[in-house]
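Hi everyone, thanks for making time this morning. Let me put the sequence and the structure up on the screen, and then I'll walk you through it.

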There are 2 protein chains.
Amino acid sequence: MTVMRSPTRVPSPRRREILDAAATLFAARGFHGTSIEEIGGAVGISGPALYRHFSGKVSLLSEMLLDISERLRGSAVERVTRAETAAEALDALIGGQIDFALDHPALITVHDRELGNVPEPARRQIRRLQRLYVEEWVTVLSELYPDVPPPGLRAATHAVFGLLNSTPHSAGELPREAMAALLHRMARAALFGLVNQY
Amino acid sequence: MTVMRSPTRVPSPRRREILDAAATLFAARGFHGTSIEEIGGAVGISGPALYRHFSGKVSLLSEMLLDISERLRGSAVERVTRAETAAEALDALIGGQIDFALDHPALITVHDRELGNVPEPARRQIRRLQRLYVEEWVTVLSELYPDVPPPGLRAATHAVFGLLNSTPHSAGELPREAMAALLHRMARAALFGLVNQY
DNA sequence: CGAACCGGTTAATGATGACTAACATCCAGG
DNA sequence: CCTGGATGTTAGTCATCATTAACCGGTTCG
């Protein structure tokens with residue numbers, strides 16, 4: 001048995017290509033609705049050739065979700081660190097999530113649909129990264145809205161994710177920049193609504 | 001061949017029971033990840049007995065999504081009709097969506113994950129109902145925000161759906177009433193953000 | 001009574017699909 | 001050269017699963 005290369009090292013272009021194609025297919029037809037044959041076909045090789053790159057269908061999914069979670073979390077940490085005020089940090093977080101959602105709609109879709117198909121070793125790690133990402137938001141928000149208790153901030157964070165991740169549903173309604181601006185304003189306003197009523 | 005009872009008439013308790021169980025399973029494991037055997041097992045009968053009630057797995061899903069879309073659309077029309085002002089109508093729409101999402105998280109989850117598995121005759125009808133539901137919102141919103149062009153209002157509507165439908169993700173963070181209130185405030189504020197910035 | 005339907009049961013059947021085996025090609029380095 | 005690894009290929013294999021068949025016990029109502 002050839003030991004599979006550790007998830008994030010040396011992103012052989014072929015692996016990336018496969019992951020990208022698989023993400024699109026998973027987003028469209030779902031994990032169980034997509035066959036190994038289809039994924040291979042999407043990158044010009046056929047079926048079992050995938051096993052030269054991944055140890056199986058679920059490990060492909062695990063790696064995909066792990067990668068997404070790492071990117072979201074990593075970029076969040078980076079942006080928050082760079083920011084000088086909490087308000088600035090929040091805008092950076094919102095902007096980062098919007099960019100990711102607009103650039104990779106398939107990844108966003110797979111990210112919150114398919115965690116249930118990842119088996120336990122990897123599952124926990126993905127959840128951990130997701131939790132860390134949420135806490136990044138909660139930390140910033142608790143500075144801006146100190147009167148809202150953490151559970152409320154967590155629920156609000158998920159609500160904002162739902163709002164921002166809606167882009168795959170309204171694809172094509174607006175040009176990208178307009179969509180980004182609209183989502184940014186709505187997200188900021190939604191959070192502002194935590195403490196002010198109209 | 002016994003002709004299947006027309007979708008929405010005489011909701012035989014057994015059918016409802018099966019649809020409910022299936023919704024929970026579909027939400028948890030996905031359509032393709034759920035077997036006929038599991039659905040039967042969840043209501044105490046086993047496997048092929050389902051064919052006494054539905055003509056097949058996909059028709060079960062079709063009926064489920066059709067029912068959800070009809071209920072959402074129907075309740076929206078009703079609420080908007082009853083309202084006296086546009087602002088009141090909007091609050092009624094928001095409240096209706098929140099109640100539905102909190103009362104039937106599985107249905108909400110299935111509703112926007114599994115349309116892709118419904119084959120073409122029913123698919124179009126479901127999409128039609130969804131579109132009508134969205135337009136119900138857009139009509140109300142265009143009265144409140146006449147300066148925002150329809151595509152923007154549609155995108156905003158989808159964004160608000162994403163926000164409100166986030167409850168399955170933040171399950172248990174807050175007691176139901178607190179969650180409902182928080183989502184309502186955030187949704188109203190998010191829409192207000194369409195025209196005012198902070 | 002008894003025929004017919006209703007709602008179940010268990011045992012095929014037939015596809016589909018993940019994964020493995022056995023075999024080919026290409027290319028790098030010794 | 002020629003050997004070995006990396007990457008493909010095609011042809012199994014073995015499960016799983018939706019769907020159908022064949023059969024059965026009630027209940028209704030004519």
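I'll begin at a single residue: Ala28(B) is exposed, because its relative accessible area is 55%, and exposed here means over 50%. This alanine belongs to helix α1 of chain B. Before I go on, please keep in mind that what you see is a predicted model.

Now, how far apart in space are Ala28(B) and Ala106(B), C-alpha to C-alpha? The two are 78 residues apart in sequence, and the distance in space is 8.0 Å.

That brings us to the helix on the other end of that pair. In chain B, helix α5 covers residues 105–113, and Ala106(B) is one of its buried residues. The others listed as buried there are Leu107(B), Ile108(B), Thr109(B), Val110(B) and His111(B). What covers the buried residues of α5(B)? The cover includes α1, at 13–29, and α3, at 57–82, both of chain B. It also includes α4, at 86–103, and α6, at 120–144, again of chain B.

Let's stay with α3 for a moment, since Arg71(B) is found in that helix of chain B. Buried, exposed or partly exposed: how does Arg71(B) count? It counts as partly exposed, because its relative accessibility is 32%, and the partly exposed class runs between 20% and 50%. If we set aside residues up to four places away in sequence, Arg71(B) touches Leu107(B), which we just met, along with Arg16(B), Phe100(B) and His104(B). For a longer ruler, take Arg71(B) and Met186(B): these are 115 residues apart in sequence, and their C-alpha atoms are 24 Å apart in space.

Let me zoom out to chain A. Its secondary structure comes to eight helices and zero strands, so to speak a plain run of α-α-α-α-α-α-α-α along the sequence. The C-alpha trace of chain A spans about 60 × 35 × 30 Å along its principal axes. Of the 198 residues in chain A, 50% are buried. As for the surface, chain A has about 9,200 Å² accessible, and carbon and sulfur atoms account for 54% of that.

For those of you who think in electrostatics, chain A has 22 positive and 22 negative charges, and their mean positions are 6 Å apart. And for those who think in contact maps, take the contacts in chain A between residues at least 6 apart in sequence: 69% of them join residues at least 24 apart.

What does the UniProt record add? An unreviewed entry lists residues 12–72 of chain A as "domain: HTH tetR-type". That span is 66% helix and 0% strand, with 21 Å between its end C-alpha atoms. The record, also unreviewed, gives residues 35–54 of chain A as "DNA-binding region". Over residues 35–54 of chain A, the helix content is 35% and the strand content 0%, and the end C-alpha atoms lie 14 Å apart.

Next, the two chains together. What turn lays chain A on chain B? A turn of 180 degrees does it, with a shift of 0.0 Å along the axis and an RMSD of 0.0 Å. That is the relation of a two-fold axis. Also, 100% of the interface residues of chain A are interface residues in chain B too, so the copies meet through the same surface.

Two residues of helix α7 show contacts across the chains. In chain A, where that helix covers residues 150–164, we find His158(A). His158(A) is buried, because its relative accessible area is 18%, and the cut-off is under 20%. Neighbours within four places in sequence aside, His158(A) is in contact with Val134(A), and with Ser166(B), His169(B) and Ser170(B).

On the chain B side, Arg154(B) has its place in helix α7 of that chain. Is Arg154(B) buried or partly exposed? Its relative accessible area is 21%, so Arg154(B) is partly exposed. Again leaving out neighbours within four places, Arg154(B) is in contact with Glu173(A), and with Val134(B), Glu135(B) and Val138(B). The C-alpha atoms of Arg154(B) and Val134(B) are separated by 7.1 Å, with the two positions 20 residues apart along the chain.

That's my tour, so thanks for listening, and over to you for discussion.

Technical notes:
Residues are numbered from 1 along each chain as its sequence is written. Chains are lettered from A and ligands numbered from 1 in the order in which they are written. This is a predicted model: local features need pLDDT of at least 70, side-chain atom pairs count only at pLDDT 80 or more; totals for chains, interfaces and linings use all residues. Side-chain values use heavy atoms; hydrogens and water are left out. Helices (H or I, at least four residues) and strands (E, at least two) are DSSP runs, numbered from the N terminus. Buried means under 20% relative accessible area, exposed over 50%, partly exposed in between (1.4 Å probe, protein chains only). Contact means heavy atoms within 4.5 Å. Accessible areas come from the Shrake-Rupley method with a 1.4 Å probe; for residues, only the protein chains shown count as cover. Lys and Arg count as positive and Asp and Glu as negative; His and the chain ends are not counted. The place of a charge is taken as NZ of Lys, CZ of Arg, CG of Asp or CD of Glu. UniProt positions are given in the numbering used here, feature names are shortened, and annotations may be inferred rather than shown by experiment. Copies are superposed by least squares on the C-alpha atoms of residues with pLDDT of at least 70 in both.
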